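Reader: I would like a close look at a single part of this model, namely the surroundings of the ligand, set out with care. Please take me through them step by step, and then add what helps to place them beside other parts of the structure.

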Amino acid sequence: MSGRRFLSIGECMVELSQAGDGLLRKGFAGDTFNTAWYARACLGPDWSVDYFTALGDDTMSDEMVAFIDKSGIGTSLIRRIRGRTPGLYMISLKNGERSFSYWRDSSAARSLAADPDRLREAVEGADLVYFSGITLAILPQEDATTLLAEIRRAKAAGKLVVFDPNIRPRLWSSYDVMHATISEGARSSVLVMPSFDDEAAHFGDDSIEATIQRYRALGAANVVVKNGADGVRLNFAGDETFVPAEKVETVVDTTSAGDSFNGAFLARYLETQDAPAAARFAAGVAARVVSEHGALVAKEKLGLSGR
Ligand code: ADP
């Protein structure tokens with residue numbers, strides 16, 4: 001066993017969703033955690049998957065650590081901060097439309113990069129480093145600068161650094177800060193995995209090609225642009241391929257479609273170095289995910305055997 005490590009950096013939150021009769025169901029989710037979950041489900045045993053975040057010392061933080069651990073994801077790098085608590089969000093359903101409320105302004109995860117030695121040690125111990133625009137958005141600006149410096153060191157050291165811009169304007173203090181920081185995230189990465197609808201809406205791209213060229217011009221050698229039911233376009237070191245989405249009978253819940261695609265893609269790419277094949281595999285996993293409720297679909301339901 002070579003003992004290689006996939007490190008995902010970001011915020012996992014407590015999720016409350018409606019369970020009928022006014023009852024709420026508690027879960028745990030968050031973009032970078034969801035991707036770690038799907039990577040874990042799809043990677044073989046010679047890879048460990050670790051989650052890097054910060055949590056508090058309350059019962060809910062303990063429960064989240066226990067949940068992450070039970071998912072087969074390493075928790076030893078998680079920083080625990082006295083007196084702090086995790087972020088929380090609630091999913092409301094009205095006339096079939098989902099809406100989200102967040103309580104994350106003072107979540108412990110906002111301090112995930114405030115201990116630079118710990119961050120450096122975690123990144124140095126990883127073969128793949130995954131982070132997102134949400135990871136950057138929740139950090140105080142000087143901590144985002146610290147994180148990006150570590151990410152650049154990882155890229156310079158030849159690690160596979162992967163970034164999903166996951167553009168969420170409400171998390172940013174201004175458009176200019178968002179644009180500059182996300183661009184810096186992409187510049188510091190080897191592979192960028194954006195969703196076209198976000199890039200078109202917030203960065204004004206008028207085509208998938210425009211998204212690919214913008215990120216490649218920033219210095220990301222490889223780009224995978226996700227476009228929902230219209231599939232993905234990959235550009236790996238200039239070689240371009242289109243991979244269609246799989247047909248889905250009934251789309252039940254698109255939560256974490258992109259996160260699951262990323263996790264499954266990276267798992268298969270790490271093992272085969274074949275990006276188009278990894279995208280076909282990930283399209284199959286994401287198709288299962290949008291056919292089920294919730295962000296985290298159990299491994300048994302992902303149809304992994306035979307893929
Ligand atoms: P995000 O969740 O980041 O917006 P996308 O909507 O582009 O990401 O979806 C990511 C992947 O999930 C797609 O590339 C595709 O493989 C799959 N997917 C999403 N929506 C559908 C759908 N309606 N039918 C089939 N596959 C889908």
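Author: What follows describes the ligand site, then a pocket and a salt bridge. The model is a predicted one, and everything said here about contacts and areas is computed from it.

The ligand is surrounded by 15 residues, and the closest of them are Ser195, Gly228, Glu246, Gly258 and Ala286. Sorted by class, this shell holds nine nonpolar, four polar and two charged residues.

Among the polar contacts, one is made by a side chain: an N or O atom in the side chain of Ser195 lies 2.6 Å from an oxygen atom of the ligand. The backbone takes part as well, since a polar backbone atom of Gly228 is found 2.7 Å from a ligand oxygen, and a polar backbone atom of Asn227 is 3.5 Å from an oxygen atom of the ligand. As for how much of the ligand is covered, it exposes 550 Å² when taken alone, and the protein buries 83% of that area. Two elements give two or more residues to the shell, helix H9, which spans 257–272, and helix H10, which spans 275–290; of the elements, H9 gives the most, with three residues.

For the wider setting, the second largest pocket encloses about 540 Å³ of space. Its lining is made up of 21 residues, with Glu15, Ser17, Arg25, His293 and Gly294 lying nearest the centre of the pocket. Strand S2 (13–18), strand S3 (24–29) and strand S7 (88–94) are the elements that each give two or more residues to that lining, and S3 provides the largest share, five residues. By class, the lining of this pocket has nine nonpolar, seven polar and five charged residues.

Strand S3 also enters into a salt bridge, one where the side chains of Lys26 and Glu63 meet at 2.7 Å, N to O. This pair links distant parts of the chain, with Lys26 in strand S3 and Glu63 in helix H2 (residues 59–70), 37 residues apart. In total, the structure holds 17 salt bridges. Side chains of opposite charge can pair when their charged atoms come close.

Terms used:
Residues are numbered from 1 along each chain as its sequence is written. This is a predicted model: local features need pLDDT of at least 70, side-chain atom pairs count only at pLDDT 80 or more; totals for chains, interfaces and linings use all residues. Side-chain values use heavy atoms; hydrogens and water are left out. On a 1 Å grid over the protein atoms alone, a cavity is a set of points where a 1.4 Å probe fits but cannot get out, and a pocket is an open set with protein on both sides within 12 Å along at least five of seven lines; lining residues have an atom within 4 Å of a point. Grid points are joined across faces, edges and corners, and a volume is the space filled by probe spheres set on the points. Helices (H or I, at least four residues) and strands (E, at least two) are DSSP runs, numbered from the N terminus. Ala, Val, Leu, Ile, Met, Phe, Trp, Tyr, Cys and Pro count as nonpolar, Asp, Glu, Lys and Arg as charged, and the others, Gly among them, as polar. A residue is near a molecule or strand if one of its heavy atoms lies within 4 Å of it. A polar contact is a pair of N or O atoms within 3.5 Å; within protein, one must be able to donate a hydrogen and the other to accept it, and residues adjacent in sequence count only if both atoms are side-chain atoms. Accessible areas come from the Shrake-Rupley method with a 1.4 Å probe; for residues, only the protein chains shown count as cover. A salt bridge is a side-chain nitrogen of Lys or Arg within 4 Å of a carboxyl oxygen of Asp or Glu.
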